[in-house]
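User: Please choose one part of this structure and look at it closely, and set it within the chain as a whole. I am a first-year student, and I would like each step of the reasoning spelled out.

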Amino acid sequence: MTTHHLDTSGMHNFWDNSVPPRIHIRPGDTVVFETVEASVNQITPQSTHADIGRLDFGRVNAVTGPVFVEGAQPGDALLVEVVSFKHKGWGWNAVIPHFGLLADEFPDPYLHIYKLGPRYCEFRENILIPFEPFCGEMGVAPRLPGRLDAIPPRENGGNLDTRHLGQGAKVMFPVFVPGALFSCGDCHSAQGDGEINGTGIESNMTVTLRFDVVKDAHLAEMRFLTSPHRRLTQADRRGYYVTTAQGPDLFKNAQQAVRYMLDHLTTEYHMTREQAYCLCGAAVDLKISQIVDAPNYMVSAYLPLSIFIRRRSKPAPKRPTARAGSKSTVKAKARKTARR
């Protein structure tokens with residue numbers, strides 16, 4: 001089996017089955033992709049809040065590819081095994097005005113830069129989020145001709161933003177054109193389920209994937225298997241603080257559960273509402289708790305408590321104990337006798 005390499009030259013931020021493949025590979029081959037963060041170099045570690053307000057959305061979410069996989073035909077499935085990720089030391093997420101779950105409530109830009117380590121993404125010194133990377137964008141060429149925007153997900157994949165497509169996952173995409181024409185990018189170092197504020201921890205990344213073809217699978221949309229050797233999240237160690245909201249509209253319930261979570265974070269952890277919103281995007285999981293008890297349904301927001309680092313206080317130094325017969329002991333006995 002052969003290992004191939006793709007750099008970031010010739011990236012595209014759309015899905016179109018007329019884009020020619022950059023490489024041809026065989027089933028069983030591995031490809032190492034160089035990918036760029038979502039802004040495509042508009043944001044750097046030196047960027048400011050104002051730079052978020054100047055983002056050109058016509059450039060975002062570029063992907064590396066396409067890859068032509070020999071033997072993949074319409075009706076088959078392309079099996080993508082996620083092998084590894086390597087970050088470049090930093091990442092970002094942000095409040096992008098009028099974007100995200102609470103778009104109308106955050107009109108001003110805010111940028112949060114993260115330091116990335118081997119195991120954690122540092123929100124601040126006492127808030128460490130597990131490094132659990134995945135490709136935000138993965139997919140194959142669409143079935144119909146024409147150019148499709150890279151922002152929403154579709155039947156061919158695209159902007160999936162599904163946090164459990166990390167190391168060890170096996171992802172199956174329906175094939176619509178010969179060779180499948182796979183591309184990927186927009187990597188996140190971490191993200192909560194729902195990508196609440198519209199950004200995970202956006203990161204440049206080296207991504208290694210292995211490819212195979214499943215004949216006559218006839219899938220309608222993507223499916224995947226998570227790794228049997230890894231937890232769904234390494235943050236699942238110290239319990240969760242959970243806010244809930246009920247009502248007839250799941251979207252509005254999700255919004256309200258997040259508002260309650262923002263109230264909690266700003267009050268208990270001394271952060272601004274913008275910082276709390278970013279932390280929700282990076283670490284808080286939205287879950288549908290029930291969808292059958294009409295007319296009201298329940299959405300919950302889960303905050304992993306393990307991301308908050310508890311500083312152990314140093315014990316006070318012990319005072320030396322006076323020995324029997326020492327001068328201090330004799331003086332203490334004399335004072336006690338005098339008081340009598």
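Analyst: A residue counts as buried when its relative accessible area is under 20%, as exposed when that area is over 50%, and as partly exposed in between. What follows describes a predicted model, and by this cut-off 50% of the 340 residues of the chain count as buried. The part I have chosen is helix α3, which covers residues 273-283, but a view of the whole chain helps in placing it.

The chain has four helices and 21 strands. Its radius of gyration is 26 Å, whereas the globule rule gives 20 Å for 340 residues, so the chain is more spread out than a compact globule. Along the principal axes, the C-alpha trace spans about 105 × 50 × 40 Å. If we take the contacts between residues at least 6 apart in sequence, 76% of them join residues at least 24 apart. The accessible surface comes to about 17100 Å², and 52% of it belongs to carbon and sulfur atoms. Among the side chains, 39 are positive and 34 are negative, with the centres of the two sets lying 23 Å apart.

Now to the interior. In soluble globular proteins, nonpolar side chains tend to be buried together. Here the largest nonpolar core has 73 residues, and those with the most contacts inside it are Phe33, Ile129, Met138, Phe182, Leu209, Phe211 and Leu279. The element that gives the most to this core is helix α3, with seven residues. Apart from this core lies another one, of nine residues, including Ile43, Leu55, Trp90 and Trp92.

How much of helix α3 is covered? Eight of its 11 residues are buried, namely Ala276, Tyr277, Cys278, Leu279, Cys280, Gly281, Ala282 and Ala283. Leu279 deserves a second look, since this buried residue of the helix is also one of those with the most contacts inside the largest core.

Ala283, which is found in helix α3, shows in more detail what surrounds such a residue. Its relative accessible area is 8%, and because this is under 20% it counts as buried. Leaving aside residues up to four places away in sequence, Ala283 touches Ile129, Gln191, Gly192, Tyr302, Pro304 and Ile307. One of these partners, Ile129, appears among the residues with the most contacts inside the largest core. Ala257, by comparison, is 26 residues from Ala283 in sequence, and their C-alpha atoms are 15 Å apart in space.

The same kind of reading can be carried to other parts of the chain, and strand β5 is a useful place to continue. Phe68 is placed in this strand, and its C-alpha atom is separated by 4.8 Å from that of Leu181, although the two residues are 113 apart along the chain. Beyond residues up to four places away, Phe68 touches Pro21, Ile23, His24, Ile25, Pro178, Gly179 and Leu181.

The loop between β5 and β6 holds Asp76. Is this residue buried or exposed? Its relative accessibility is 2%, under the 20% cut-off, so Asp76 counts as buried. Its contacts, again without residues up to four places away, include Phe173, Val213, Lys215 and Asp216. Asp216 itself lies in the loop between β17 and β18, and at 57% relative accessibility, over the 50% limit, it counts as exposed.

Finally, some backbone angles call for attention. Most residues other than glycine have a negative phi, and most peptide bonds are trans. Asp216 has a positive phi near 55 degrees, and Ala180 has a positive phi of about 70 degrees, although it is not a glycine. Ala180 is found in strand β16 and counts as buried at 0% relative accessibility. As for the peptide bonds, a cis bond joins Gly65 and Pro66, with omega about 0 degrees, and Pro66 lies in strand β5. Another cis bond, with omega about 10 degrees, joins Ala294 and Pro295, and Pro295 is found in the loop between β20 and β21.

To return to the chosen part, helix α3 is mostly covered, and it gives the most to the largest nonpolar core.

Technical notes
Residues numbered from 1 in each chain as written. Predicted model: local features only at pLDDT ≥ 70, side-chain atom pairs only at ≥ 80, totals over all residues. Heavy atoms only, no water. Helix = DSSP H or I, 4+ residues; strand = E, 2+ residues; numbered from the N terminus. Rg over C-alpha atoms; globule rule 2.2 N^0.38 Å. Buried < 20%, exposed > 50% of the residue type's maximum accessible area, 1.4 Å probe, protein only. Contact = heavy atoms within 4.5 Å. Areas by Shrake-Rupley, 256 points an atom, 1.4 Å probe, with all protein chains shown as cover. Lys, Arg positive; Asp, Glu negative; His and termini not counted. Charge placed at Lys NZ, Arg CZ, Asp CG, Glu CD. Core = buried A, V, L, I, M, F, W, Y, C linked by side-chain atoms within 4.5 Å.
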